[in-house]
Amino acid sequence: MGAGVYGAAVAASLARRGARVTVVDAGEPSRGTSGATFSWTNSCGKQPRAYHDLCVAGMAAHRRMGGDWYHEHGNLEWSDDREALRRKVDGVLDYGYEARWLDRAEVLDLEPDLDPNALPADGIAYFPREGWIEPTRMIGHLLSRGVDVVRGDAVVALERDDSVRAVRLASGRRLTADAVVNCAGPRAGEIADLAGLTLPMRNTLGVLVRTSPIAVAVSRVLHAPRVHLRPDEAGRVLLHSEAIDRAVSSGSAGVDRAAVDAVVDAGIALYPGLRDAAVESVRVGERPIPGDGLPVLGRVLALPGFHFAVSHSGATLSVHAGDLVAAEVLGEDHDAELSPFRFERL
Ligand SMILES: Cc1cc2nc3c(=O)[nH]c(=O)nc-3n(C[C@H](O)[C@H](O)[C@H](O)COP(=O)(O)OP(=O)(O)OC[C@H]3O[C@@H](n4cnc5c(N)ncnc54)[C@H](O)[C@@H]3O)c2cc1C
């Protein structure tokens, strides 16, 4: 249920393992959160350790899959709060994660179109194994391998006795199933309700500003104090900031033009060449965040045949976590990896 990064990853893994799989989406694949995400692949400051390790495994799974939608060119980060950044870097180094400190000249070697005056002289953290994905292309690929896809038909009811028997769709169609997987992202709580389960969610909204194609060499993910940015498809640049998220969270239905201008200006302050780009789109995405912030993955003790694959950081996690969930659906034991993320803890 759901054709974002999680639904696609779970379905592809099930199909690869020989199952007959149908993915049902209320709308179109990749039009949910997975189509409005910064999609940075990382485990930078993720706590507790089990969550960090799951994200590292998620990054490794993208690397192994080797899709051309995966871009592992690193992440640069600097902060007004140097001490907090130092603590973060020390923490990930303790976990054996790759990170190192660069000075201005080293960063300009990597990103020559950055304005040198916008950079601190040193204290710039570099995480070389991080990157980003193009979720829509990844989802298209994953759904193209032996998976039936039902589009524009929402799951509206679940039939169950001791275990799950079937789902009913808005069109009236009924699909019988040995197992179902809740991959409904921000709507996962509503699907859980249909099964008589309570999944607390504390979703938040985030805003992404996409430029028109522009001949500026933005090659990496970059986190600066007033803007986060990365390359996007076909020469575009994707911009985000904590301030622009607050502009939408504060209640306005659309995104305040001044907030959009502020994030674009912060991007131009770093890469002056961006001044010739236009704003092509402003998208609001809803982060699917389970109540305690951690993923909810795998089987439900009280309802055999019902499984969860729901988390924030799904761009990083979905290929790996979705594979674990799929393997468990088919009877493999992955309790060691999944036990910190069980539904029952909530
Ligand atoms: C602004 C922003 C920035 C982010 N940045 C990052 C990042 O840098 N790195 C990272 O790893 N993650 C990031 N995330 C989180 C990541 O994008 C999500 O975790 C991920 O996309 C969730 O994928 P999903 O498949 O669970 O949900 P979705 O992509 O939302 O897919 C769920 C699907 O379920 C369908 N659905 C809902 N209800 C029903 C129903 N009743 N019946 C049938 N179908 C239904 C929807 O139509 C939708 O297509 C970010 C998210 C946002 C919003």
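How far is an oxygen atom of the ligand from a polar backbone atom of Thr-33? Keep that question in mind as you look at the structure, which is a predicted model. The distance is 2.9 Å, and Thr-33 makes a good starting point for a walk around the ligand.

Two other residues reach oxygen atoms of the ligand with polar atoms of their own. Ser-311 does so with a polar backbone atom, 2.9 Å from a ligand oxygen. Ser-34 uses its side chain instead: a polar atom there lies 2.5 Å from an oxygen of the ligand. Now think about how covered the ligand is. Taken alone, the ligand exposes 1000 Å², and the protein buries 92% of that area.

Which residues do the covering? There are 37 residues around the ligand, and those that come nearest are Asp-25, Ser-34, Trp-40, Val-155 and Gly-314. You have met Ser-34 already, through its side-chain atom 2.5 Å from a ligand oxygen. Sorted by class, the shell holds 17 nonpolar residues, 16 polar ones and four charged ones.

It also helps to ask where along the chain the shell comes from. Two helices and two strands each supply at least two of its residues: helix 1 (5-16), helix 9 (314-329), strand 13 (204-211) and strand 17 (279-287). On the scale of domains, at least three shell residues come from domain 1 (5-37 + 136-201 + 291-345), and at least three come from domain 2 (73-124 + 203-287). Try colouring the two domains in your viewer and finding the ligand again.

Next, let us follow the sheets. One is an open sheet of eight strands with mixed pairing, and its order is 5-6-4-14-15-16-13-17. Strand 5 (100-102) and strand 17 have a single partner strand each, so they stand at the edges, with one side of each left without a neighbour in the sheet. From one strand to the next, the twist averages 25 degrees. Inside this sheet, strand 4 (residues 75-77) runs parallel to strand 14 (residues 221-223), and the two pair over three bridges. To find this pairing on screen, look for Asn-75, which stands opposite Val-221 in strand 14.

Another open sheet has three strands in the order 9-10-11, with antiparallel pairing. Its edge strands are strand 9 (155-160) and strand 11 (174-176), each of which pairs on one side only. Here the twist from one strand to the next averages 20 degrees.

You can trace this sheet strand by strand. Strands 9 and 10 form a hairpin with three residues between them, and they pair in the antiparallel sense over five bridges. Glu-159 faces its partner across this pairing, standing opposite Ala-166 in strand 10. After strand 10 (residues 164-169), the chain enters another hairpin, this time with four residues between strands 10 and 11. In that turn, Gly-172 has a positive phi of about 100 degrees. Strands 10 and 11 are also antiparallel, pairing over three bridges. Ala-166 stands opposite Thr-176 in strand 11, while Val-167 stands opposite Leu-175. As you look at such pairs, remember that side chains in a regular strand alternate between the two faces of the sheet.

Finally, pause at two backbone details in loops. Ser-39 has a positive phi of about 50 degrees although it is not a glycine. You will find Ser-39 in the loop between strand 1 (21-24) and strand 2. Further along is Pro-48, in the loop between strand 2 (40-41) and helix 2 (49-65). What is the form of the peptide bond from Gln-47 to Pro-48? That bond is cis, with omega near 0 degrees.

How values were computed: Residues numbered from 1 in each chain as written. Predicted model: local features only at pLDDT ≥ 70, side-chain atom pairs only at ≥ 80, totals over all residues. Heavy atoms only, no water. Near = heavy atom within 4 Å. Polar contact = N/O pair within 3.5 Å; in protein donor to acceptor, adjacent residues only side chain to side chain. Areas by Shrake-Rupley, 256 points an atom, 1.4 Å probe, with all protein chains shown as cover. Nonpolar A, V, L, I, M, F, W, Y, C, P; charged D, E, K, R; others polar. Domains from an automatic or database assignment. Pairing = 2+ DSSP bridges. Axes fitted to C-alpha atoms, helices over the stretch in contact; angles between N-to-C directions.
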